[in-house]
Amino acid sequence: MTMAEPNGNSGGVSVHVAGVVHLYEHEGSDIVALRGVDLDIKAGEMVALLGPSGMGKSTLLRLLAGLIRPSAGKIWVGDAELSRMQPKDLQELRATEVSYVLQETAHNLLPFATAAQNVWFAQQGARRRRRPTLDPVDLLGLLGLAEVAHRRVAELPRGEQQQVALAA
């Protein structure tokens, strides 16, 4: 995992997780997904989360993206403590600093739109905040995806769909 700064600097943004617990409710009882997780990731550092299915890797990533809130503990992405942020501030964080790509390709992209249109759509939050963005076709070209820029996502193989999702 590497997290990029809003200015596009590959130096990244730091992540600090302290005592995070996350519970899911299932059929009237609580399921412990994470218990007392502590983690420090320096800006620009790359980290791999490894472990068997059901160990909380995806839950941790969803927490780091601000998609869900921890049941207990604190998470900082850069200087932002996620549990104190309002939903609109979390949306801004995801629009400018943090991205989350789901494993299932169908949930990441607009299948009826082209690859370039998907990237353009994903850049809207950054453009609204007057953040610099690359032309979608140029960005796809930098990632070796120039030949699919004007093809509908539904027509692409799953591997290329995931690459387009990363570009977006």
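Reader: Let's start with one side chain. Does Q161 count as buried or exposed?

Author: Buried, because its relative accessibility is 11%, and the cut-off for buried is under 20%. Keep in mind that this is a predicted model. Q161 is found in helix α6.

Reader: What does the side chain of Q161 have for polar company?

Author: Look at V153: its backbone oxygen lies 3.0 Å from a polar atom of the Q161 side chain. Beyond its neighbours within four places in sequence, Q161 is in contact with T105, L109, V153, A154 and L156.

Reader: L109 is on that list. Where does L109 sit, and which residues does it touch?

Author: You'll find L109 in the loop between α2 and α3. It counts as buried because its relative accessibility is 8%. Leaving out residues up to four places away in sequence, L109 touches N118, V153, Q161, V164, A165 and A168.

Reader: N118 belongs to α3, I think. How do I read burial along a helix, and which residues of α3 are buried?

Author: List the buried residues, then look down the axis. In α3, the buried ones are A115, A116, N118 and V119. They fall within an arc of 160 degrees, so they line one face of the helix. That set packs against α5 (136–142) and α6 (158–167).

Reader: Now the cores. What's the general idea, and how many residues does the largest nonpolar core have here?

Author: In soluble globular proteins, nonpolar side chains tend to be buried together. Here, the largest nonpolar core has 19 residues, and V17, V20, I75 and L82 have the most contacts inside it. The elements giving two or more residues to this core are β1 (15–26), β2 (29–41), α1 (57–64), β3 (72–77) and α2 (87–96). There is also a second, separate core of 14 residues, and L145, A149, V153 and A165 are among its members.

Reader: Say I click on L82. Which contacts should I see?

Author: Ignore its neighbours within four places in sequence, and L82 is in contact with L63, L64, G66, R69, I75, V77, L90 and L93.

Reader: On to charges. What's the idea, and how many salt bridges does a search of the whole structure find?

Author: Side chains of opposite charge can pair when their charged atoms come close. The search finds five salt bridges in this structure. Start with E81, which pairs with K74 at 3.7 Å between the closest N and O atoms. R84 also forms a salt bridge with E81, and there the closest N and O atoms are 2.6 Å apart. As for accessibility, E81 is buried at 10%, K74 is partly exposed at 33%, and R84 is exposed at 64%.

Reader: Which salt bridge links distant parts of the chain?

Author: Try R129 and E92, whose closest N and O atoms are 3.5 Å apart. R129 is in the loop between α4 and α5, E92 is in helix α2, and the two are 37 residues apart. R129 counts as partly exposed at 28% relative accessibility, and E92 does too at 31%. Back with the earlier trio, shared partners join K74, E81 and R84 into one network.

Reader: Last one: where is confidence lowest and highest among the elements?

Author: Helix α4 (residues 124–128) has the lowest mean pLDDT, 83, and β3 has the highest, 96. The protein chain averages 88, with 93% of the residues scoring at least 70. Over residues 1–9, pLDDT stays under 50.

Methods
Residues numbered from 1 in each chain as written. Predicted model: local features only at pLDDT ≥ 70, side-chain atom pairs only at ≥ 80, totals over all residues. Heavy atoms only, no water. Core = buried A, V, L, I, M, F, W, Y, C linked by side-chain atoms within 4.5 Å. Buried < 20%, exposed > 50% of the residue type's maximum accessible area, 1.4 Å probe, protein only. Helix = DSSP H or I, 4+ residues; strand = E, 2+ residues; numbered from the N terminus. Contact = heavy atoms within 4.5 Å. Arc of directions from axis to C-beta. pLDDT = per-residue confidence, 0-100. Polar contact = N/O pair within 3.5 Å; in protein donor to acceptor, adjacent residues only side chain to side chain. Salt bridge = Lys/Arg side-chain N within 4 Å of Asp/Glu carboxyl O.
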